[in-house]
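Work through the exercises below with the model open beside you. Try each task before reading its solution.

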Amino acid sequence: MKKFLYVMASLALLFSGCTRELETRLSDVETRLAKVEDQVKELNSQVSLIQNLINGKYFIQSATELPDGSGYKLVLVDKDGNSLEKTVLNGKDGADGEDGVSPTVGVKKDTDGNYYWTLNGEWLLVGGEKVRANGQDGASGKDGKDAPQTQFKVEDGKWYVKVGDGAWTYVGEAATLIQGPIASIDASGADVVVITLTDNTVLELPKAAVAVKLQILVDDAAFQNMTAGQTQSAPYEVKAPAGVTYTLDSYEPENWKVTLSDPKDNKGIVTISVPAAGKSAKVLLIANGSDGSSYAKVLHIEVEGSGEEAPVVLQEMVDATAGSIDLPAGATDVAFTATWIALSGNQLLIATNDTYDARMATVSFKVGEKSYVLTVMQAQKDAIVLTENALQVSAAGEEIPFVIKANVTVEAASSVEWITVAPATKGLEDKPFTVKVAANEATSPREGTITFSSGELQQVVTVTQEGTGPVLPPVAGVFELLTDASELQAGDQLLLVNQAKDYAMGAQSGNFRSRVSITIVDDTVSDPGEGVVVITLEGEEGAWNLKVSDGYLAAQSSAKNYLVTVDSVTDYATWSIALDGQGLATLTAANGGRNTLLYNSQSGNERFSCYANTGNTTKEVLIFHKAGTPATPVTQYDALGLYLGKQERVYQAGIDQYVRSYDGSALQFVLLEPQGKEQVKLSGFTTALQPGDAVTVSVDWKKDKTQVLEKAYPMTVLKDQEGKLWIGDAKGRGVIIRK
């Protein structure tokens, strides 16, 4: 194909004479060719991977999305427990080229239970037959054989496919953009890996059970490009199946020295000394298992130059706690770079390792003319760190993903049978568990604990599960949305409702209040029914008490998201209530901290409780006020003045002035109280007021320069007697003015 392109380029040169333009075009062609080759290589790699996964040659242990979102880094495990890493680029939406197509490769299970390859959504046919992706069945008791490998290629701008050792079969003209078959990989499940292909086919394949094979792990790079006479150390780790013990040995060339320190928790130090006349060679680290298995780790060491006699190699393993190491008598020229080691006389002082990783340092010294290299490896600080120490669970029961951080093997034990904990599948690593809490059929809440442990290390998580709660009697009556906090007065009956207007506060459940479904029409609740809690308002403005059937609602503490019921009034049970004019209520207990009564809509944690502030799921509540709540009518008063429920304003004769003005259509009354620098304007009256007239009283109430109230109230003229008018509403608000 390249030859053909060069011929075409030559013709173009003859006709155009534009050499620079031709070179640019040729460069573009070469770039596109290289890109196509890379894409075809990725396509074949993914086809091979899918076939190996279907045939059980490999299993996916984990899939981590690449930072740029272009694909996944996979950890694969074979049936023998060997692992390897592989990067897969996810399939992008292909754009057909001007003269070709981007074929979509897929795989589907047919009615016979076998997987077959597809091309552009149709069965891939070679010689008129579908192409198997999974291994073929054995006959007469013999093992089945693997399905032949399927490969694709682009040649001379055309697509070809080959099955096994068969011939290449033409598929179609090739596009400039090739897409691999894998669109996404989800390995978050405990047992199944979900692979979505670009044709939207979904494969559910078994996840790798983390099989362990006897292995020795060493960073090969630590021993690259050593020099003659040099000594180098590095950590090693042994992986062994459960219940299998092992012994370690080494094989090295003549005059080389290899030392493996005794392993602690399967970890140790390997030290290799190259002789003065040493040349490049191989070193073998050997593990022999008690089950008859063996493993050899081969280190290819390139040696450069020559040096003096190799120093004597020493090793010391120390615990994470502070300690010391005695140097040989007469040690001189002691040198090291680790900040956690200090020299005091003839002792190395080792500081406490407060990190969650083991650490290593090298100390060199001399005794006479002899050189020594001491490798010190200090164990890590073992730890179990909880991401949270308490779980609150609904009565229905839940499965909760729970992650702890630890650098040790962790076991989980529950204190009660209704809680079970299962693993979901050293610096601190995330260790996932699943906490399963059974449904609580009892009315009262219950509590249990989970203990995460490793040897003497322990961390405890408390699990609190709400009960079904007492069955409250049906609530009757009509409740209306409240938008003005000034209308609240002692004796009012209230419901607390979430913003979505589908749940009202219910009975106590553990350290919070449950929710009960209700129906709201036109901001009115009629006969809420069973389970809804009715609050009776006690106290006064700024210091309200929320009385329920079994006590008073309280924010239990400033450090917990609790809403509890207490027997008597305390600061925690004393509330201020503010409304924003649209009905959103802010109820705040007098204590500090997490003292705002909110509704939490988070799935699994739906509840009424107290929080520090609003958030993504914690929102203000609504207050519904029971209609027909008895109010003191304004007609029971006699003194001239303004009456707004508990904000009663009575103006005494001899101090107050009552001014009436006429602007041609209405009268305006101004109530003045000079000593308090207060002024209340009442307007909206017609020129002739008679008992029974409906009026709207516009109140503009100021104290000095401070606006106290500015609002319109629908009212009725209630009484005309002795030169005065009584104007008011059913909630006890009103005004008494001179005619």
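**Exercise 1. Find the accessible surface of the chain and the share of it that belongs to carbon and sulfur atoms.**

Step 1. The accessible surface comes to about 38000 Å². Areas come from the Shrake-Rupley method with a 1.4 Å probe; for residues, only the protein chains shown count as cover.
Step 2. Carbon and sulfur atoms hold 47% of that surface.
Step 3. Of the 739 residues in the chain, 41% are buried. Buried means under 20% relative accessible area, exposed over 50%, and partly exposed in between (1.4 Å probe, protein chains only).

The model is predicted: local features need pLDDT of at least 70, side-chain atom pairs count only at pLDDT 80 or more, and totals for chains, interfaces and linings use all residues. Residues are numbered from 1 along each chain as its sequence is written, and side-chain values use heavy atoms, with hydrogens and water left out.

**Exercise 2. State the mean pLDDT of the chain, then look at two stretches where pLDDT is below 50.**

Step 1. pLDDT is the predictor's confidence in each residue, from 0 to 100. The chain mean is 78, and 82% of the residues reach 70 or more.
Step 2. Residues 1–19 fall below 50; beyond near neighbours in sequence, this stretch has 17 contacts in the model. Contact means heavy atoms within 4.5 Å.
Step 3. Residues 137–144 are also below 50, and that stretch has 5 contacts beyond near neighbours in sequence.

**Exercise 3. Which residues of the largest nonpolar core touch the most other members, and which element gives the most to this core?**

Step 1. Count the elements. The chain has 2 helices and 62 strands. These are DSSP runs (helices H or I, at least four residues; strands E, at least two), numbered from the N terminus.
Step 2. Define the core: buried Ala, Val, Leu, Ile, Met, Phe, Trp, Tyr and Cys residues joined through side-chain atoms within 4.5 Å.
Step 3. The largest core has 33 residues, and Ile60, Val107, Trp117, Phe152 and Ile195 touch the most other members.
Step 4. Elements giving two or more residues include helix 2 (19–54), strand 4 (105–109) and strand 5 (115–119). Helix 2 gives the most, with 8 residues.
Step 5. Check Val107. Beyond four places in sequence, its contacts include Ile50, Ile54, Trp117 and Leu203.
Step 6. A second, separate core has 27 residues, among them Tyr503, Leu537, Leu553 and Ile623.

**Exercise 4. Is Leu214 buried or exposed, and where is it placed?**

Step 1. Leu214 is in the loop between strand 14 and strand 15 (215–218).
Step 2. Its relative accessible area is 3%, so Leu214 is buried.
Step 3. Beyond four places in sequence, Leu214 contacts residues including Val238, Pro241, Tyr246 and Tyr295.
Step 4. Asp291 is 77 residues away along the chain, yet the two C-alpha atoms are 9.9 Å apart.

**Exercise 5. Which polar partners does the side chain of Gln508 have?**

Step 1. Gln508 lies in strand 41 (residues 503–509). At 18% relative accessible area, Gln508 is buried.
Step 2. A polar atom of its side chain lies 3.1 Å from the backbone oxygen of Phe512.
Step 3. The Arg513 side chain makes a polar contact of 3.2 Å with that of Gln508. A polar contact is a pair of N or O atoms within 3.5 Å; within protein, one must be able to donate a hydrogen and the other to accept it, and residues adjacent in sequence count only if both atoms are side-chain atoms.
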